[in-house]
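Student: I should like to take a close look at a single part of this model and to follow it outward into its surroundings. Please begin with one loop residue and its backbone, and then build up the picture from there.

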Amino acid sequence: MTPRNDIEIAEPALFSAHLTPHRSLNRTGFLVLMGFLTVVSFAAGMIFTLMGAWPVFGFFGLDVVVVYWAFWVNFHRAQAVEEITITPSELRVRRVSHRGHVVEWVLNPLWVQLDQKTHAEFGIEKLYLVSRGRRISVASFLGADEKASFAKALMAALQAARRGPTYNPIA
């Protein structure tokens, strides 16, 4: 029996990361905050209305709408995803924007270098994958400490890919 050439053998992943942006609150926290803000704004608006300053009531309602809109934008932007996978033969970066636009880069891990833009006070600001004139920003969702940990793990995976498959003799 001869092996089929149209079947691709999956390579083991040396590194895999699924990155998402931070969210301000979960759904329950958002509902509690909006409920509290609505009650406080309504009560303050009623007090001003009873004092004869009825136009102020609308501004308190506007505050609730603006806070709701800000959280809606935050929740919507949190749908963005960045996936980075390294196998012995390829480095794949797949980025999905909050609008659903997908961009994917496939690079050879032997030629990829990790470049860091570091600030003296704040730590790592930007991480870039550099290969053959391409410069791809990665892990922009992460904070400085998280970027440092991510960079260390990514460098270890790139080194493992450069070493190639390990030889395991059968005893």
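Tutor: Ala139 is located in the loop that joins strand 7 to helix 3. The model is a predicted one, and in it the phi of this alanine is positive, about 60°, although the residue is not a glycine. The value deserves attention against a general background: most residues other than glycine have a negative phi. Ala139 has a relative accessibility of 0% and therefore counts as buried.

A second residue with this backbone feature is found at the other end of strand 7. Arg132 belongs to the loop between strand 6 and strand 7 and has a positive phi of about 50°, again without being a glycine. Its surroundings are of another kind: with a relative accessible area of 70%, Arg132 is classed as exposed because the threshold for that class is over 50%. Ala139, at 0%, is buried because it falls under the 20% limit. The turn that holds Arg132 belongs to a hairpin, in which two residues separate strand 6 from strand 7.

The two strands of this hairpin are antiparallel and are joined by five bridges. One of the pairs is formed by Leu129 and Ile136, the latter being the bridge partner in strand 7. The hairpin is part of a three-stranded open sheet with the order 5-6-7 and antiparallel pairing. Strand 5 and strand 7 are the edge strands; each has a single partner, so one side of each lacks a neighbour in the sheet. From one strand to the next, the twist averages 30°. On the other side of strand 6, seven bridges link it to strand 5, also in the antiparallel sense. There Lys117 faces Lys126 of strand 6. Helix 3 packs on this sheet, where it touches strand 5, strand 6 and strand 7, and its direction makes about 25° with that of strand 6.

Beyond the loop of Ala139, then, comes helix 3. This helix covers residues 144–163, 20 residues in all, and spans 29 Å between its first and last C-alpha, close to the 28 Å expected at 1.5 Å a residue. Its buried residues are Lys147, Phe150, Ala151, Leu154, Ala157, Leu158, Ala160 and Ala161. A general property of helices is helpful in reading such a list: an α-helix has 3.6 residues a turn, so residues three or four places apart point the same way. The cover over the buried residues of helix 3 includes strand 5 (113–119), strand 6 (123–131) and strand 7 (134–138), and also strand 1 (15–19), strand 2 (81–86) and strand 3 (91–96). After helix 3 comes Gly164, which has a positive phi near 85°.

The cover just described leads to a second sheet. Four strands make up this open sheet, in the order 1-2-3-4 and with antiparallel pairing. Its edges are strand 1 and strand 4 (102–107); each has a single partner strand, so one side of each is without a neighbour in the sheet. Here the twist averages 5° from one strand to the next. Strand 1 and strand 2 pair over five bridges in the antiparallel sense, and the bridge partner of Ser16 in strand 2 is Thr85.

Thr85 also provides a link to strand 3, the strand in which Arg92 is placed. Apart from neighbours within four places in sequence, the contacts of Arg92 are Glu83, Ile84, Thr85, Glu104, Trp105 and Val106. Between Arg92 and Ser16 the C-alpha distance is 9.5 Å, for a separation of 76 residues in sequence. With 29% relative accessibility, Arg92 counts as partly exposed.

To return to the starting point: Ala139 is buried at 0% relative accessibility in the loop between strand 7 and helix 3. On one side of this loop is strand 7, an edge strand of the sheet with the order 5-6-7; on the other is helix 3, which packs on that sheet.

Technical notes
Residues numbered from 1 in each chain as written. Predicted model: local features only at pLDDT ≥ 70, side-chain atom pairs only at ≥ 80, totals over all residues. Heavy atoms only, no water. Expected span 1.5 Å × (residues − 1). Buried < 20%, exposed > 50% of the residue type's maximum accessible area, 1.4 Å probe, protein only. Contact = heavy atoms within 4.5 Å. Pairing = 2+ DSSP bridges. Axes fitted to C-alpha atoms, helices over the stretch in contact; angles between N-to-C directions.
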